[in-house]
Amino acid sequence: MKIAGLSKPVGAPGTLRVLGALLSYPDAERRAWLPEMAQVLRREKAVPAGRLAELDTLIDKLHGADPFDVEAEYVQLFDRGRGTSLHLFEHVHGDSRDRGPAMIDLAQTYERVGLLLAPGELPDYLPAVLEFVSTQPPREAKAFLGEMAHILNAIFGALQKRGSPYASVLGALLELAGEKAQGVAPPAEEPLDETWAEPPVFGGCSTEGQARPGDPQPIQMIRRNPHAGVAVSTAGPPQGANNAPVGGSVAAPAASVGVQS
């Protein structure tokens with residue numbers, strides 16, 4: 001849905017850079033620039049007065065709160081939940097193979113305008129994306145923001161659900177794109193510690209091919225190929241959930257099972 005009065009192109013590169021900076025990790029250097037950020041927002045007058053008041057509240061909090069608390073809250077909010085992730089392709093591609101090529105394409109787009117990423121920074125990181133958008137002509141900048149609107153609304157809704165003042169930054173971006181900030185209800189998500197947990201190496205139970213201590217141990221019966229002199233399995237090696245062979249099995253001729261005198 002378009003917002004009346006916000007259909008003009010985005011001619012506010014400073015505002016875009018400030019919004020990106022507000023979404024970046026709030027280290028001491030960045031917090032030192034907060035007063036100047038507030039001045040840029042007022043000078044360009046690109047966001048509505050009500051949204052500007054919300055951004056002022058966020059800036060005051062970042063500037064006046066205990067630095068340790070501010071940094072810890074940022075990590076907890078943006079680095080420990082998929083719904084609030086600032087890596088845009090997390091919301092589009094997840095962990096699929098499409099994410100890698102999309103990253104490469106976006107990084108090459110940055111390079112064509114002379115924008116180089118900081119060491120360790122991924123191209124789909126929203127503050128980096130906004131830095132790029134700020135270099136574009138007004139109409140192109142607005143169109144780029146509009147293409148991201150569905151992702152921005154998803155993050156906006158997740159931040160609203162958590163009662164975070166950072167939601168005002170996403171709201172401002174949506175309004176710069178000429179869209180209405182209307183957060184969609186985020187899907188229920190597991191804690192990140194669980195979604196990123198490493199699975200047990202062998203599945204961990206007999207129902208997945210590995211017996212518990214004391215359970216009967218399965219024996220794979222094979223026959224020997226008399227012509228090639230190698231063992232040939234009649235059933236194939238045991239496989240895990242991804243059909244990959246599970247290590248640890250030892251082939252033996254069927255006739256040799258048991259103890260020989």
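Biologist: At 15% relative accessibility, does E90 count as buried or exposed?

Modeller: In this predicted model, E90 counts as buried, because its relative accessibility is 15% and the cut-off for that label is under 20%. A residue between that limit and 50% is called partly exposed. R82 is such a case, since its relative accessibility is 24%.

Biologist: With which residue does E90 form a salt bridge?

Modeller: The general idea comes first. Side chains of opposite charge can pair when their charged atoms come close. Here, the partner of E90 is R82, and the closest N and O atoms of the two are 2.3 Å apart. The pair therefore joins a buried residue, E90, to a partly exposed one, R82.

Biologist: How many salt bridges does the structure hold?

Modeller: The structure holds seven. One of them links E71 with R31, with 3.1 Å between the closest N and O atoms. This pair connects distant parts of the chain: E71 belongs to helix α5 (residues 67-78) and R31 to helix α2 (residues 28-32), 40 residues apart. R31 counts as buried because its relative accessibility is 12%, whereas E71, at 21%, counts as partly exposed.

Biologist: Where do E54 and R51 lie?

Modeller: Both are in helix α4 (residues 49-64), and three residues, about one turn of the helix, separate them. They form a salt bridge whose closest N and O atoms are 2.8 Å apart. R51 is buried, its relative accessible area being 12%, while E54 is partly exposed at 36%.

Biologist: Which residues are linked with E54 in a network of salt bridges?

Modeller: R51 and E175 are linked with E54 in that network.

Biologist: What does the secondary structure of the protein come to?

Modeller: To read it, one counts the helices and strands and then follows their order. The protein has 12 helices and two strands. Along the sequence, the pattern is α-α-α-α-α-α-α-α-α-α-α-α-β-β.

Biologist: What share of the contacts with a separation of 6 or more comes from residues 24 or more positions apart?

Modeller: Such residues account for 63% of those contacts in the protein. The salt bridge between E71 and R31 also spans the chain, as these residues are 40 apart.

Biologist: What percentage of the residues of the protein count as buried?

Modeller: Of its 261 residues, 36% count as buried. As for the surface, the accessible area of the protein is about 15500 Å², and 56% of it belongs to carbon and sulfur atoms.

Methods: Residues numbered from 1 in each chain as written. Predicted model: local features only at pLDDT ≥ 70, side-chain atom pairs only at ≥ 80, totals over all residues. Heavy atoms only, no water. Helix = DSSP H or I, 4+ residues; strand = E, 2+ residues; numbered from the N terminus. Buried < 20%, exposed > 50% of the residue type's maximum accessible area, 1.4 Å probe, protein only. Contact = heavy atoms within 4.5 Å. Areas by Shrake-Rupley, 256 points an atom, 1.4 Å probe, with all protein chains shown as cover. Salt bridge = Lys/Arg side-chain N within 4 Å of Asp/Glu carboxyl O.
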